[in-house]
Structure formats: structure tokens, C-alpha cells
Amino acid sequence: MSVTKYRPAVKIILKLLECISKSQMKGRALKTHIIQCANLKTTSAEKYITMLKDAGYVEEKREAWGAREVIVYELTPLGKSRYEWFKTINDELFILNDWANE
């Protein structure tokens, strides 16, 4: 029987912020791209994206894309600051202690 390992919430948040920050749209990303980039199920991703919106890290915008409407997320100045903060925490907790590969 294999044991499923889950990512800590801090790593998921970091990945979501990273996906938005490093998207081809430079600090903006489509909702579907964020979900794919972070490798999350839609329901889980939406939970974390809502958390980031409520904290003021990202803004949600709806834009026309041809005949469709798409949801685009942008990092706020606070989100950019927290992205750097989460990267530092990740490095201290997981990289320096070599727990990332466990």
C-alpha cells in the first residue's frame, strides 16, 4: 500500500503566486493556466485562489477574449511582496533542510 504525500499549504501558495508572477503575461495569468501550472484539481485551486484574493494578494479581472469572457488574475503589490516572502520561507523550511525531496 502506497502512502500519498500531500504538499504543505505554504508550498501550494508559493506555487500559485509563482505561476501568476512568471506567466507569459508578466504578472497576470488565466485561471486555467494557474490551475495547470500548480498541478491542482480545480476545486482545490479555487479554494486557494479565493484565499489569496481575500488576503489581497491577487486581483480577479474578467476580460473579453473574442466571444468568450476569461478570468485573469494579477498580483497586487502586496502579492508580489508576499511571493518573495513565501520563497524565503520555502527555502528556509524545505530547501535548506533538504525536506523537499522527502
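A charge sits over a ring if NZ of Lys or CZ of Arg is within 6 Å of the ring centre and within 35 degrees of the ring normal.

**Figure 1. The charged end of R68 over the ring of W65.** The distance from the charged end of R68 to the centre of the W65 ring is 5.8 Å. The model is predicted, with local features needing pLDDT of at least 70 and side-chain atom pairs counting only at pLDDT 80 or more, while totals for chains, interfaces and linings use all residues. Residues are numbered from 1 along each chain as its sequence is written, and side-chain values use heavy atoms, leaving out hydrogens and water.

**Figure 2. W85 and its partners R82 and F86.** The charged end of R82 sits over the ring of W85, 5.5 Å from the ring centre. W85 also forms an aromatic pair with F86 (ring centres of Phe, Tyr or Trp, the last by its six-membered ring, within 6.5 Å). The two centres are 5.2 Å apart and the planes are at 80°, an edge-to-face arrangement (over 60 degrees; under 30 is stacked, the rest tilted). A search of the whole structure finds one aromatic pair.

**Figure 3. Exposure of W85 and F86.** The relative accessible area of F86 is 9%, so F86 is buried (under 20%, with a 1.4 Å probe and protein chains only). W85 has 46% and is therefore partly exposed (between 20% and the 50% above which a residue is exposed). Of the 102 residues of the chain, 34% count as buried.
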